[in-house]
Amino acid sequence: FTDICGFFRPTDIVTVAYLGAAEEMVGGDLVVLAASQEDVATPPRRGEEEAAAPVLQRVRPIPGRVVDFDGRLLHAVYAFTSPEPRISMVVEQCKLPRRQFLRTPKFSIY
């Protein structure tokens, strides 16, 4: 949300909906840590997430599963291999101050 707010603003809630994932997939779990970016001096590198902070939740992608979590928490997806594409939809939700909200682009749904 840097472009709209003029500064980095973490998401209030993140929703992940898993639309497709092969049973044969190896890896690909979502991991949510018990730490925000402010809690960790240096964000962890991929593969080192669990060493940075305790794991709150580890989620295996299963088609039809929907997960909500606090967007301020550090989170990552482990590398994976799969015979089929892994398809997920991510919605980042936030409540902007009125001044920033008025600056957001207008759009129409048809």
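The following questions and answers concern the salt bridges and one sheet of a predicted model.

In this predicted model, local features need pLDDT of at least 70 and side-chain atom pairs count only at pLDDT 80 or more, while totals for chains, interfaces and linings use all residues. Residues are numbered from 1 along each chain as its sequence is written, and side-chain values use heavy atoms, with hydrogens and water left out.

Visitor: Which residues are joined into one network by salt bridges that share partners?

Guide: A salt bridge here is a side-chain nitrogen of Lys or Arg within 4 Å of a carboxyl oxygen of Asp or Glu. Aspartate 29 forms one with arginine 58, with the closest N and O atoms 3.2 Å apart, and arginine 60 forms one with aspartate 29 at 3.5 Å. Through shared partners, the network therefore consists of Asp29, Arg58 and Arg60.

Visitor: Is aspartate 29 buried or exposed?

Guide: Buried means under 20% relative accessible area, exposed over 50%, and partly exposed in between (1.4 Å probe, protein chains only). Because its relative accessible area is 13%, aspartate 29 is buried.

Visitor: What is the strand order of the open sheet of 3 strands?

Guide: Strands are DSSP runs (E, at least two residues; helices are H or I, at least four), numbered from the N terminus, and two strands pair if DSSP finds at least two bridges between them. β1 and β8 pair in the antiparallel sense over 7 bridges. With antiparallel pairing, the order is β5-β1-β8.
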